[in-house]
Amino acid sequence: MPQGTLEVLLVSAKDLENTEFLCQGSEPQWNENFVFTVSDGASELNLKIMDKDTFTKDDFVGEATVPLDPLFTEGSLPPTAYSVVKDGEYCGEIRVGLTFTPERSSSQECCEEEQNYGGWKESSEEERYGGREQSSYQD
């Protein structure tokens with residue numbers, strides 16, 4: 001599995017258990033970005049959905065599992081609905097958009113640098129002679 005940066009756009013949810021979830025009921029809207037570092041071996045993103053209580057312990061609403069293999073292939077996925085489950089049963093959905101930026105290895109940077117800056121460049125006469133005036137010899 002590749003390493004890199006995962007940007008998660010948490011868009012919204014619907015049909016969740018109505019538990020005063022962030023004061024937005026069963027269909028909250030977030031539109032917030034989160035950034036994570038992906039390490040070798042990561043194949044899915046697990047989202048645990050909790051309601052926020054002020055004076056008591058937050059309640060578990062459900063969880064969603066997002067497979068990352070399609071993201072590693074495509075680079076980004078538009079906001080998509082994923083099932084939220086609790087105790088093995090469907091209890092709503094969450095919309096999430098994803099973007100993956102792979103980590104560059106030092107060998108990739110080296111080769112990319114050669115492509116960008118390598119090759120022959122025609123220089124002006126001033127560059128070739130260091131700005132010195134050249135005399136010409138004529139017979």
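# Strands, loops and buried residues in a predicted model

Colleague: In which loop is the place of aspartate 51?

Modeller: Aspartate 51 follows strand S3 (44-50) and precedes strand S4 (60-67). Strands (E, at least two residues) and helices (H or I, at least four) are DSSP runs, numbered from the N terminus. The place of aspartate 51 is thus the loop between S3 and S4.

Colleague: What kind of model is this?

Modeller: Residues are numbered from 1 along each chain as its sequence is written, and side-chain values use heavy atoms, with hydrogens and water left out. Local features need pLDDT of at least 70, side-chain atom pairs count only at pLDDT 80 or more, and totals for chains, interfaces and linings use all residues, as this is a predicted model.

Colleague: In what order do the elements of the protein run from the N terminus on?

Modeller: The protein has 3 helices and 6 strands. From the N terminus on, they are arranged as β-β-β-β-α-β-β-α-α.

Colleague: What percentage of the residues in the protein is buried?

Modeller: A residue is buried under 20% relative accessible area, exposed over 50% and partly exposed in between (1.4 Å probe, protein chains only). Of the 139 residues in the protein, the buried ones make up 27%.

Colleague: Among contacts in the protein between residues at least 6 apart in sequence, what percentage joins residues at least 24 apart?

Modeller: A contact has heavy atoms within 4.5 Å. Taking those contacts whose residues are at least 6 apart in sequence, the share that joins residues at least 24 apart is 54%.

Colleague: Which side chains meet in a salt bridge?

Modeller: The structure holds 1 salt bridge (a side-chain nitrogen of Lys or Arg within 4 Å of a carboxyl oxygen of Asp or Glu). At 3.9 Å, N to O, it joins the side chains of lysine 14 and glutamate 93.

Colleague: Which parts does the pair of lysine 14 and glutamate 93 tie together?

Modeller: Lysine 14 is partly exposed at 37% relative accessible area, whereas glutamate 93 is buried at 18%. The two are 79 residues apart in sequence. Lysine 14 lies in residues 4-14 and glutamate 93 in residues 89-102, so the pair ties together strands S1 and S6.

Colleague: In which sense do S1 and S6 pair?

Modeller: Strands pair if DSSP finds at least two bridges between them. One partnership here is that of serine 12 with arginine 95 in S6. Over 10 bridges, the sense in which S1 and S6 pair is antiparallel.

Colleague: How many bridges join strand S5 to S6?

Modeller: Strand S5 (residues 76-86) and S6 run antiparallel. Threonine 80 has valine 96 in S6 as its bridge partner. The number of bridges that join S5 to S6 is 8.

Colleague: What phi does aspartate 87 take in the hairpin of S5 and S6?

Modeller: Most residues other than glycine have a negative phi. The hairpin of S5 and S6 has 2 residues between the strands, and there aspartate 87 takes a positive phi near 55°.

Colleague: Where is phi positive in strand S2, given that asparagine 31 lies there?

Modeller: Aspartate 15, in the loop between S1 and strand S2 (29-38), has a positive phi near 60° and is partly exposed at 42%. Asparagine 31 counts as exposed at 51% relative accessibility. Within strand S2, a positive phi, near 50°, is found at asparagine 31.

Colleague: Which backbone nitrogen does the side chain of aspartate 51 reach?

Modeller: Aspartate 51 is buried yet has no salt bridge. The nearest side chain of opposite charge, lysine 86, is 9.0 Å away (Lys and Arg count as positive, Asp and Glu as negative; His and the chain ends are not counted). At 2.5 Å, the side chain of aspartate 51 reaches the backbone nitrogen of aspartate 59.

Colleague: How far apart in space are glycine 62 and valine 84, C-alpha to C-alpha?

Modeller: Glycine 62 is placed in strand S4 and is buried, at 0% relative accessible area. Beyond its neighbours within four places in sequence, its contacts include Leu47, Val84 and Cys91. Glycine 62 and valine 84 are 22 residues apart in sequence, and their C-alpha distance is 5.6 Å.

Colleague: How far apart in space are leucine 77 and threonine 99, C-alpha to C-alpha?

Modeller: Leucine 77 is in strand S5 and is buried, at 19% relative accessible area. Not counting residues up to four places away in sequence, leucine 77 touches Pro70, Leu71, Tyr82, Gly97 and Leu98. Leucine 77 and threonine 99 are 22 residues apart in sequence, and their C-alpha distance is 6.4 Å.

How values were computed
Polar contact = N/O pair within 3.5 Å; in protein donor to acceptor, adjacent residues only side chain to side chain.
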